[in-house]
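Visitor: May I ask how the terms used for this model are justified?
Guide: Please take the sequence and structure first, and then put your questions.

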Amino acid sequence: MLWVKIAWRNLWRNRRRTGIQLAVIIGSMFLSVFYINFADGALATMVRAGVRSGSGDIAIYRQGYLSDRRLSDTFPAAPILAGLARDPDVAQVFPRVRVPGLLQSAYGSRPAEAEGLDFGREAGTNPLLDRKYFVAGGLPHGPTGIVLGQTLARNLKVKVKNKVVWMAQDARGQIASGLFRVSGIIHTDVGAVDAGMVMAPREAMASLIGRAGQVHEIAVLLKDPQQASPALARLGPILKAVPGTRAYPWQRAMPDLASLIEISAAKQKFTVFILFVIVAIGTLNTMLMSVMERTREFGMMRAIGISKRAIRQMIMAEALVLSMVGAAGGLVLAILVGLRTSTAGIDMSGVLKGMDVGIAVDPIIKTGWDWPVTAALFAGTVVLCLVASLYPVRWALKIRPADAMRTY
Amino acid sequence: MNAIALSGVKKFYREGDGIVHAVDGVDLTLAPGEFASLAGPSGSGKTTLLNLIGGLDRPDSGTLAIDGVFTNDRSDDQLAELRLQKIGFVFQAYNLIPVLTVFENVQFVLQAQGVPEREHSDRIAPILAELGLAEMAHRFPTQLSGGQQQRVAVARAIVGNPTIVLADEPTANLDSDTAAALLEMMRRLNRHQGITFLFSSHDPMVFDRASRVIKMRDGKIHEDARRD
Ligand SMILES: Nc1ncnc2c1ncn2[C@@H]1O[C@H](COP(=O)(O)OP(=O)(O)O)[C@@H](O)[C@H]1O
Ligand SMILES: [Mg+2]
C-alpha cells in the first residue's frame with residue numbers, strides 16, 4: 001500500500017528527529033515494561049515472605065481477634081487442623097500462639113512479643129527461620145528452646161544457651177512465667193523482629209497462658225495462592241468444627257502489607273502515566289514538525305484532489321509505524337533484559353540496606369512477567385501515538401492548497 | 001459543452017487597508033481540446049484565475065462550470081473529488097513527493113482514484129514512455145533534472161484521464177530547450193488524447209505554441225487571440 005510506503009519513507013526523511021522520537025518510545029516502553037515486571041517480582045517476593053512469616057495466604061482467627069488482639073481469643077486447633085489436612089489445595093498450616101510479655105535475663109528485662117509456633121512445621125518455609133538470618137545457634141529442639149532477635153539479645157546481654165524467663169499475663173489475667181533457654185539469635189534488619197520478637201515452642205506458650213492445645217492463629221499456605229477465593233469458600237464447613245472462628249485473606253489479616261502493595265501499584269501507574277505523557281508530547285511534536293515541513297506537499301495533494309480522509313490516513317500511518325516500531329523495540333529490549341533479571345535476579349541489598357519494610361525479604365529481586373499489563377502497555381503506546389497525531393492531522397487538513405502552492 | 005465556462009467571475013483579496021481585485025469580472029469559455037494560455041504581467045491575476053477554475057479557491061461572485069458541472073455550490077469534498085477525476089495540475093515548482101519514485105508519484109493519483117493496483121503498470125508505463133521517462137521510473141525526484149521533474153508532474157497530471165490540465169507557469173523554471181521539449185510533449189498529449197490545456201505564462205515560447213492566448217491585466221481579460 002502506497003500510503004504506508006509514504007509513511008515509512010517520510011519517517012526516515014529526518015533520521016535524527018525520528019531516531020530521537022523512536023528512542024523516546026523504545027525507552028519509555030522498555031522502562032514501563034521493565035518497571036512493571038520488576039515491581040511484579042519485588043511485590044511477589046514481598047508478599048511471599050510476608051505471607052510465610054505472617055498470616056499465610058489465608059488466616060484463621062477467632063472472631064474479633066484481628067481488631068482487638070485479645071489474649072483470651074484462642075481456639076482449639078486440632079479439629080480445624082484435621083479438616084485442613086483433608087483439603088487437597090492446602091500446602092501447609094502453621095498454628096500459632098501470640099503472647100506479649102517481658103523477657104528477663106540476669107541483666108535485665110525487655111518487652112517483646114512471643115510467637116509460639118511449631119518449629120518442625122515452619123522450618124524451611126517461614127523466612128524468619130531461614131539459616132541465613134541466624135547469627136548464633138540454631139533452631140530449638142527441646143520444649144524450652146527459643147529464638148530471639150539480635151538487638152533484644154544484646155539488650156539483655158544473653159548468648160546462646162543462656163537461660164531467660166518469659167513473663168506474661170495468662171488468659172485469665174494472672175501473671176505467669178516460664179523458664180526458657182536461648183537456642184538461636186537472628187538478625188533480619190527488620191527492627192520489630194530484631195528488637196522485639198521471641199519465637200518459642202507453641203505448646204510451651206499455650207500452656208503458659210493456660211490454653212494448652214489452643215491457638216490464636218492458623219496460617220494456611222495454599223498450593224496456588226491465586227486460588228484464595230475458592231479456598232476461602234471451602235473453609236466454611238471446616239471452620240464449623242470450632243464455632244466463632246473465621247477465615248480471612250491475607251490482605252485483611254495484614255492490611256499494612258496490602259496497602260504497601262496498593263501504594264506501589266499506584267506509584268507504578270503514576271510512573272507509566274508520566275512516561276506516556278512524555279511519549280505523547282514527543283510524538284505530537286515529531287509529527288507536527290514533520291507535517292509542517294511538508295505544507296507544500298500536503299497543499300499539492302489537496303490540490304490534485306486527494307481526500308481529507310486519505311491525508312489523515314497517511315499521517316496516522318506514520319504515527320502507527322513509528323509507535324509500533326518503537327513499542328516493539330522497547331518490548332524486545334525489556335524481554336531480553338527480563339530473561340536475565342528473572343533468573344539471575346537483581347541484587348537490591350544496597351538499596352534495601354537500612355530500609356525497613358517490616359518484612360524479612362530476600363534482597364535478590366527476580367523480575368516477573370506481567371504479560372497482560374505488557375500487552376496493555378503496547379496497545380496503549382500505539383493508541384496514544386495515534387491520538388497524538390490527531391492534532392498534526394488537523395493542522396495538515398487546514399492547509400489551503402491555493403495558499404500552499406503560491407510562488408510569489 | 002464547454003470544457004471551462006466562466007461568467008462574471010470576481011475574486012478580491014484584502015491587503016492591508018485596501019482590497020486587491022485579483023480577478024475582476026472574467027467571462028471565459030474554453031472548448032474541449034483547446035491548448036490555451038493566460039498571459040500577462042506578474043500580479044495580473046493569472047494564478048488566481050487558475051485556482052478558481054481548479055476549485056482551489058472560491059469566487060466572490062460569478063459562476064464557474066467545469067465540463068458542464070457548476071462548481072459554485074459544491075462542497076470542499078465534492079470539489080476535491082472533481083479535481084481528482086477531471087482536472088490535472090502542473091505547478092511551476094513541480095511539487096513531486098520526494099519520498100516516492102517517479103513511478104510511485106504517478107501511481108499516487110491512480111491509488112487515490114481507487115484504480116485497481118493490477119492496472120497501474122499498464123496505465124503508467126505508456127505515459128512514462130511517451131514523456132521519455134521510462135528509464136527513470138525508479139528514480140527519486142532529487143535524482144532528476146528540473147525538466148525531467150516537470151515531465152513527471154505532467155505524467156501525474158494526465159494519468160487519471162482528466163478532461164482539463166491546468167498548468168501555472170510550467171516552464172518558468174526550465175531552460176528554453178527543456179521548455180520547448182516539454183511543450184511539444186504536452187501538445188502531443190493535447191492532440192492525441194484531446195485533453196484541454198490551460199496555461200498561465202509569460203514565456204513567448206508558450207504563446208507561440210498555444211492555439212489561443214488570453215491576455216490579462218489587473219484581473220481583467222483585455223485581449224483574447226485565437227490562432228488556428
Ligand atoms: N492570498 C492572497 N492574499 C492577498 N493578495 C493576494 C493573494 N493571492 C493573490 N493576491 C494578489 O492578487 C493579485 C493577483 O495575483 P496572482 O493571481 O498571483 O497574479 P499572477 O499569477 O498573474 O502573478 C496580486 O496583486 C496578488 O498580490
Ligand atoms: Mg502566478
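**Interface and sheets of chain B**

Guide: About 2300 Å² is buried between chain B and chain A, and carbon and sulfur atoms give 62% of that area. The model is predicted: local features need pLDDT of at least 70, side-chain atom pairs count only at pLDDT 80 or more, and totals for chains, interfaces and linings use all residues. Residues are numbered from 1 along each chain as its sequence is written, chains are lettered from A and ligands numbered from 1 in the order in which they are written, and side-chain values use heavy atoms, with hydrogens and water left out.

Visitor: What makes the area between chain B and chain A "buried"?
Guide: Buried area is the accessible area (1.4 Å probe) that two parts lose on being put together, summed over both. The value of about 2300 Å² therefore refers to chain B and chain A together.

Visitor: How many residues of chain B are in contact with chain A?
Guide: Contact means heavy atoms within 4.5 Å; by that rule 28 residues of chain B touch 25 residues of chain A. The chain B side divides into 15 nonpolar, 8 polar and 5 charged residues, where Ala, Val, Leu, Ile, Met, Phe, Trp, Tyr, Cys and Pro count as nonpolar, Asp, Glu, Lys and Arg as charged, and the others, Gly among them, as polar.

Visitor: Why is the pair E104(B) and K5(A) called a salt bridge?
Guide: The term requires a side-chain nitrogen of Lys or Arg within 4 Å of a carboxyl oxygen of Asp or Glu. The closest N and O atoms of E104(B) and K5(A) are 3.0 Å apart, so the pair qualifies. The rule finds 3 salt bridges across this interface.

Visitor: Why does the salt bridge of D57(B) and K11(B) tie together separate parts of chain B?
Guide: The N to O distance of D57(B) and K11(B) is 3.6 Å. D57(B) lies in the loop between α1 and β4 of chain B and K11(B) in strand β1 of chain B, so the pair joins parts that are 46 residues apart in sequence.

Visitor: How do you know that β6(B) and β7(B) pair?
Guide: Two strands pair if DSSP finds at least two bridges between them; helices (H or I, at least four residues) and strands (E, at least two) are DSSP runs, numbered from the N terminus. β6(B) and β7(B) have 4 bridges in the parallel sense, so they satisfy the rule. In this pairing F89(B) stands opposite L166(B) of β7(B).

Visitor: What is the pairing in the sheet that holds β6(B)?
Guide: The pairing is mixed in this open sheet of 6 strands, ordered β6-β7-β8-β3-β9-β10 (chain B). β3(B) and β9(B) run parallel over 4 bridges, whereas β9(B) and β10(B) run antiparallel over 6 bridges.

Visitor: What makes β6 and β10 of chain B edge strands?
Guide: β6 (87-90) and β10 (220-226) of chain B each pair on one side only.

Visitor: Which strands of the other open sheet does α1(B) lie across?
Guide: α1(B) lies across β1, β2 and β4 (61-66) of chain B, at about 120 degrees to β1(B); axes are lines fitted to C-alpha atoms, for helices over the stretch in contact, and angles run from 0 to 180 degrees between N-to-C directions. This sheet of 4 strands has the order β2-β1-β4-β5 (chain B), with antiparallel pairing. β1(B) and β2(B) are joined by 10 bridges.
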